[in-house]
Amino acid sequence: ERRIRELLTLSFIDRKENILFLGSPGIGKTHLAISIGMEAIARGYKTYFITAHDLVNQLRRADQEGKLEKKLRVFVKPTVLIIDEMGYLKLDPNSAHYLFQVIARRYEHAPIILTSNKSFGEWGEIVGDSVLATAMLDRLLHHS
């Protein structure tokens with residue numbers, strides 16, 4: 001409870017620290033992420049919520065339409081980006097690269113709140129590339 005109350009102070013935003021909620025389905029990861037996001041909105045921070053699956057689908061579609069850079073800015077610009085349900089569906093290698101671009105562009109600039117039902121050791125399987133998974137995790141965990 002103490003840690004959650006600290007997260008609700010939003011001090012992680014100024015420190016550009018990520019928040020990662022990991023655990024089994026149904027324990028409240030999404031609820032916590034949304035609660036922190038709502039507090040950020042109440043305090044005037046631009047906040048964007050999206051599932052990992054929808055994020056990569058939107059980026060894939062934008063890439064096919066020649067609008068990838070514009071769509072990437074949608075996910076890079078908000079003060080807080082919440083990526084929900086990482087790991088519920090496996091990503092194909094191209095989709096994993098889209099997700100990596102978002103994580104890399106936000107790295108040390110703006111925080112990500114991410115929820116996942118998979119342990120970090122399973123991310124190579126989720127994204128289909130253990131090297132890419134390691135690169136994602138390096139950026140997410142460095143300041144988290």
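A salt bridge is taken here as a side-chain nitrogen of Lys or Arg within 4 Å of a carboxyl oxygen of Asp or Glu. In the structure described here, which is a predicted model, the count under this rule comes to 7 salt bridges. One of them joins Glu17 to Arg15, whose closest N and O atoms are 2.9 Å apart. Both partners fall in the intermediate class of accessibility, since Glu17, at 23% relative accessibility, counts as partly exposed, and Arg15, with a relative accessible area of 42%, is likewise partly exposed. These two residues are also linked with Glu6 in a network of salt bridges.

Two further salt bridges involve the loop between β3 and α6. In one, the side chains of Asp92 and Arg60 meet at 3.3 Å, N to O; this pair links distant parts of the chain, with Asp92 in the loop between β3 and α6 and Arg60 in helix α4, 32 residues apart. Asp92 is partly exposed, having a relative accessible area of 34%, and Arg60 counts as partly exposed at 25% relative accessibility. In the other, Glu125 is bridged to Lys90, the closest N and O atoms lying 3.6 Å apart. Because Glu125 belongs to helix α7 (residues 123-127) and Lys90 to the loop between β3 and α6, the pair ties together parts that are 35 residues apart in sequence. Here the partners are exposed, as Glu125 has a relative accessibility of 53% and Lys90 one of 62%.

Arg60 also takes part in the packing of two helices. Helix α4 (residues 52-64) and helix α6 (residues 93-106) pack at an angle of about 100°, with their axes 9 Å apart, and α4 is therefore roughly perpendicular to α6. From α4, the contact is made by Leu55, Val56, Leu59, Arg60 and Asp63, which meet Ser95, Tyr98, Leu99 and Val102 of α6.

The surface carries a nonpolar patch of about 360 Å², made by Ile34, Met38, Ile41 and Phe49. Helix α3 (residues 29-42) contributes the largest share of this patch, with 3 residues, whereas Phe49 lies in strand β2 (residues 47-51). Phe49 has a relative accessibility of 37% and so counts as partly exposed.

The loop between α1 (2-7) and α2 (11-14) contains Leu8, which is partly exposed because its relative accessibility is 29%. Apart from its neighbours within four places in sequence, Leu8 is in contact with Ser35, Ile36, Glu39 and Arg43. The C-alpha atoms of Leu8 and Gly37 are 9.0 Å apart in space, although the two residues are separated by 29 residues in sequence.

Most residues other than glycine have a negative phi. Against this background, Leu10 is notable for a positive phi of about 70°, although it is not a glycine. Leu10 lies in the loop between α1 and α2 and, at 2% relative accessibility, counts as buried, the cut-off for that class being under 20%. A positive phi, near 65°, is also found for Glu85, again a residue other than glycine. Glu85 is placed in strand β3 (residues 80-86), and with a relative accessibility of 36% it counts as partly exposed.

How values were computed. Residues numbered from 1 in each chain as written. Predicted model: local features only at pLDDT ≥ 70, side-chain atom pairs only at ≥ 80, totals over all residues. Heavy atoms only, no water. Patch = residues over 30% accessible without salt bridge, like charges linked within 9 Å, V, L, I, M, F, W, Y side chains within 5 Å. Areas by Shrake-Rupley, 256 points an atom, 1.4 Å probe, with all protein chains shown as cover. Helix = DSSP H or I, 4+ residues; strand = E, 2+ residues; numbered from the N terminus. Buried < 20%, exposed > 50% of the residue type's maximum accessible area, 1.4 Å probe, protein only. Axes fitted to C-alpha atoms, helices over the stretch in contact; angles between N-to-C directions. Parallel < 35°, antiparallel > 145°, perpendicular 65-115°, else oblique. Contact = heavy atoms within 4.5 Å.
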